[in-house]
Amino acid sequence: MNLRALLELCRISNLPTVWSNCVVGYFAGTIAFDHAMSETMGWPHKTSFTPQSLIESVAEMPLDWARHLFFLLAPFSLLYIGGMILNDYVDRMTDAEERPHRPIPSGQVKPSNAKWLAISCLAIGVLGVWWFERGTINLDPQPWRATTFASLLVVSIVMYNLTHQKSARSVLLMGACRALIVLSIASAFQSPVLRGWWFLFVAGPALSLLIYTVLISIIARREMETKRFAGPKTIMNMIAAMPLLDAVWLVVMGLWPASLFCVGCSVMTKLAHRKVAGS
């Protein structure tokens, strides 16, 4: 298994889009937490996250933020990679006829290796979400909420890969996967007093990601069926633009510094597509 084949199998060039989804989920959850606590517990400020305070915090504790960001992004990166590898494993017979250049049908990756790599990434990803959840503020007497959402994400990933060749409705599962990234992370900060604010801040980004992903999936399916509905370049551009949707939501939340991270993710995705194809 050579490195380039592995990167193509993992759709590594699309990973920055997952990172931006994680960041918007994190700030949606924490800001909703702060807003709710200011109303119910009398905290002095509606939110401790402002552009100035965020910049100052990152400048004062760069290593702490880097470590926190790693534990936030790593598990969902593994879940995405696991889903992409599983997709190629399930489609290996079809790809042998229609896309023989892909890593598995071309013989660069053994099917058995792909299968176990996918299972490992999904399992370690859920474990990573559980670890991240342990380090967050969760006042709910019922723990494991983020881990439960992450498990639903895995179920959606598996169901999509098993059904996408049989039913066009599977695009809804693809959209649900993106929405569940936001819901998994934001739910780590939920408590009984947060439900109103939590849904106000979290539902918007999650729903918009679901709709946008479904739109991309429909266009991609049409392109595969007709070869003239939209070219691969258009689809790649739409994927690279996904982090810009997250950036808009962070600006709406008043966190333009965090939105710059999402803009950077969009640029990274676009540049990465020149080296490793994404789909």
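The following exercises, each with a worked solution, concern a predicted model.

**Exercise 1.** Determine which elements line the second largest pocket and which kinds of residue occur there.

*Solution.* The space in the second largest pocket amounts to about 290 Å³. Its lining has 13 residues, and Phe27, Val58, Trp65, Leu69 and Phe261 are the closest to the centre. Two or more lining residues come from each of α2 (15-40), α3 (51-60), α4 (62-90) and α11 (256-273). Helix α4 provides the largest share, four residues. Sorted by kind, the lining holds 12 nonpolar residues, one polar residue and no charged ones.

**Exercise 2.** Establish how Arg67 and Asp64 are placed in their helix, and whether each is buried or exposed or in between.

*Solution.* The side chains of Arg67 and Asp64 form a salt bridge with an N to O distance of 2.7 Å. Both residues belong to helix α4, three residues apart, so about one helical turn separates them. Partly exposed denotes the range between 20% and 50% relative accessible area. Arg67, at 46%, is therefore partly exposed, and Asp64, at 35%, is likewise partly exposed.

**Exercise 3.** Decide whether Asp95 and Arg102 are buried or exposed, and identify the network joined by salt bridges that share partners.

*Solution.* A salt bridge links the side chains of Asp95 and Arg102 at 3.5 Å, N to O. The limit for a buried residue is under 20% relative accessible area. Asp95 has 0% and is therefore buried; Arg102, at 16%, also counts as buried. Through shared partners, salt bridges join Arg11, Asp88, Asp95, Glu98, Arg99 and Arg102 into one network. The count for the model comes to seven salt bridges.

Key. Residues are numbered from 1 along each chain as its sequence is written. This is a predicted model: local features need pLDDT of at least 70, side-chain atom pairs count only at pLDDT 80 or more; totals for chains, interfaces and linings use all residues. Side-chain values use heavy atoms; hydrogens and water are left out. On a 1 Å grid over the protein atoms alone, a cavity is a set of points where a 1.4 Å probe fits but cannot get out, and a pocket is an open set with protein on both sides within 12 Å along at least five of seven lines; lining residues have an atom within 4 Å of a point. Grid points are joined across faces, edges and corners, and a volume is the space filled by probe spheres set on the points. Ala, Val, Leu, Ile, Met, Phe, Trp, Tyr, Cys and Pro count as nonpolar, Asp, Glu, Lys and Arg as charged, and the others, Gly among them, as polar. A salt bridge is a side-chain nitrogen of Lys or Arg within 4 Å of a carboxyl oxygen of Asp or Glu. Buried means under 20% relative accessible area, exposed over 50%, partly exposed in between (1.4 Å probe, protein chains only).
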